[in-house]
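Subject: Structure handover

Hello,

Here is the structure for your files. My notes follow below.

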Amino acid sequence: MSQWTDLYKQKLTTPEEAVKLVKDHDWVDYGMASSQPIVLDKALAARKDELKDIKVRTAFSLAPRQIVEADPNRDIFYHDELAHERLRPQTLFQRIE
């Protein structure tokens, strides 16, 4: 077994365990478009009542963000992306036109 696969297996965890690393006032980077972490987004949204002042950097979501659904007023999760409001294909094309 190669060294990198051993390291990978040591770090492999569940989304719920991974988002336990997020603390109050942290920045979280989601990436953009199809590379966004859908299962981590869901797990982070589930921690809404445990956290405060989380800033999420993301761009051009192709699917609705669970943090937006869980906190539509941005009281916990502040996100500033191009199209964060419940992006649907029809609104995407309206914005591009």
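How many helices and strands does the secondary structure of the protein come to? It has five helices and three strands. These are DSSP runs, numbered from the N terminus: helices are H or I with at least four residues, strands are E with at least two. From the N terminus, the order is α-α-β-α-β-α-β-α.

Ground rules: this is a predicted model, where local features need pLDDT of at least 70 and side-chain atom pairs pLDDT 80 or more, while totals for chains, interfaces and linings use all residues. Residues are numbered from 1 along each chain as its sequence is written, and side-chain values use heavy atoms, without hydrogens and water.

Core
Of the 97 residues, 31% count as buried (under 20% relative accessible area, 1.4 Å probe, protein chains only). The largest nonpolar core (buried Ala, Val, Leu, Ile, Met, Phe, Trp, Tyr and Cys joined through side-chain atoms within 4.5 Å) has 14 residues. β1 (27–33), α3 (38–46), β2 (54–61) and α4 (66–70) each give it two or more residues. The largest share, three residues, comes from α3. Phe77 is among the core residues with the most contacts inside it. Leaving out residues up to four places away in sequence, Phe77 touches Leu44, Ala45, Lys48, Leu51, Ile54, Ile67 and Asp71; contact means heavy atoms within 4.5 Å.

Surface
Leu12 lies in the loop between α1 (3–11) and α2 (15–18). Leu12 counts as exposed because its relative accessibility is 55%, and the cut-off is over 50%.

Regards
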